[in-house]
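Please open the structure in a viewer and keep the selection tool at hand. The tour below proceeds from one selection to the next.

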Amino acid sequence: PMHKIVYAGQLALRKNRFLYDWGNYAENYNINVYGRGFEKSSAANPDKFETKGFTPPQKLISYSEGDFGLVWDGDSIDCCSGNWGEYLKLNAPHKVSLYIRCGLPILIWRKAAMAEFIEKNNIGICIDSLRDINEIYQNISQAEYHTMCDNVQRVSRLMSEGYYFTQAVTEAISQLNKL
């Protein structure tokens with residue numbers, strides 16, 4: 001079966017220009033695009049993309065189709081460039097928690113703020129460029145992939161129980177008590 005990457009979000013060109021070049025580099029996988037604003041016919045290798053349209057998050061959690069969810073922004077396939085890339089270095093994008101709730105291991109730009117969390121919890125793979133994805137599919141074992149999926153389920157359960165929120169509040173109170 002063909003491998004699939006999920007990319008979900010508000011797909012306006014100004015934030016997702018990379019989507020239009022990505023098809024040139026997707027060799028051994030296709031891309032399922034969830035959201036509004038992607039003009040498939042304008043993309044390189046449009047047959048690499050399947051547009052799923054806007055899907056409410058609750059429905060996406062139940063029905064997303066793919067092996068990995070991608071967290072990426074900007075103009076380039078080689079890095080998350082410009083303002084969107086700078087923002088990704090600071091924020092925790094909704095995509096991360098959405099993909100976790102979908103049960104999808106995550107592919108994320110290595111310089112993103114959430115990359116360390118993903119690596120530490122073994123719930124995905126940090127990449128420098130979208131060109132790296134072909135090699136990931138060639139080199140990852142079934143066992144490694146299933147371990148990531150199991151870890152995603154564990155983190156998803158902790159999220160749903162409020163574990164990370166509680167940790168953040170506890171840490172904030174601890175820091176305030178030091179003042």
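**Aromatic pairs**

By the ring-pairing rule, the count comes to 11 aromatic pairs; under this rule, rings of Phe, Tyr and Trp (its six-membered ring) pair if their centres lie within 6.5 Å, and planes under 30 degrees apart count as stacked, over 60 as edge-to-face and the rest as tilted. Select Phe18 and Trp22: their ring centres are 6.0 Å apart and their planes stand at 50°, so the pair is tilted. This is a predicted model, in which local features need pLDDT of at least 70 and side-chain atom pairs count only at pLDDT 80 or more, while totals for chains, interfaces and linings use all residues. Residues are numbered from 1 along each chain as its sequence is written, and side-chain values use heavy atoms, with hydrogens and water left out.

Phe18 is buried, at a relative accessible area of 0%, and Trp22 likewise counts as buried at 0%. Here buried means under 20% relative accessible area, exposed over 50%, and partly exposed in between (1.4 Å probe, protein chains only).

Next, select Tyr29 and Tyr137, a tilted aromatic pair with 5.8 Å centre to centre and 35° between the planes. Tyr29 lies in strand β2 (residues 29-34) and Tyr137 in helix α7 (residues 132-139), so the pair ties together parts that are 108 residues apart in sequence. Helices (H or I, at least four residues) and strands (E, at least two) are DSSP runs, numbered from the N terminus. Tyr29 is buried, with a relative accessible area of 0%; Tyr137 is also buried, at 9%. To place both pairs in context, extend the selection to one aromatic cluster, formed by Tyr7, Phe18, Tyr20, Trp22, Tyr29, Phe38, Phe49, Phe68, Tyr137 and Tyr145.

**The core and Ile108**

Which residues have the most contacts inside the largest nonpolar core? They are Trp22, Leu70 and Ile108, in a core of 53 residues. Such a core is a set of buried Ala, Val, Leu, Ile, Met, Phe, Trp, Tyr and Cys residues joined through side-chain atoms within 4.5 Å.

Centre the view on Ile108 and display its contacts (heavy atoms within 4.5 Å). Not counting residues up to four places away in sequence, Ile108 touches Val71, Val96, Met114, Ala115, Ile118, Ile125, Cys126 and Ile127.

Now show the backbone as a cartoon. Strand β5 (residues 106-109) and strand β6 (residues 124-127) pair in the parallel sense over four bridges; strands pair if DSSP finds at least two bridges between them. From β5 the chain passes through helix α6 (residues 115-120) to β6, in a right-handed β-α-β crossover. Right-handed means that, with the strands pointing away from the viewer, the path from the first strand over the helix to the second runs clockwise. The bridge partner of Ile108 in β6 is Cys126.

**Cysteines**

How many disulfides does a search of the whole structure find? The result is zero, a disulfide being a pair of cysteine sulfur atoms within 2.5 Å. Select Cys80, for which the nearest cysteine sulfur, that of Cys79, is 6.9 Å away. Cys80 is buried, at 4% relative accessibility. The sulfur of Cys126 is 12 Å from the closest cysteine sulfur, in Cys80, and this is too far for a bond. Cys126 is buried, with a relative accessible area of 7%.

**Helix α5 and its surroundings**

Select helix α5 (residues 94-102), where Lys95, Val96, Leu98, Tyr99, Ile100 and Cys102 are buried. Just after α5, Gly103 takes a positive phi of about 80°.

Add Tyr63, in helix α3 (residues 57-63). Tyr63 and Cys102 are 39 residues apart in sequence and 8.0 Å apart in space, C-alpha to C-alpha. Is Tyr63 buried or exposed? Tyr63 is exposed, with a relative accessible area of 56%.

Then add Met159, in helix α8 (residues 142-160). Met159 is partly exposed, at 27% relative accessibility, and touches Ser97, Ile100 and Tyr164, not counting residues up to four places away in sequence. Between Met159 and Arg101 the C-alpha distance is 8.5 Å, with their positions 58 residues apart in sequence.

**Two asparagines**

Most residues other than glycine have a negative phi. Finish with Asn45, which has a positive phi of about 50° although it is not a glycine. Asn45 sits in the loop between β2 and β3 (49-53) and is partly exposed, at 36%. Asn122, in the loop between α6 and β6, has a positive phi near 50° and is partly exposed, at 32%.
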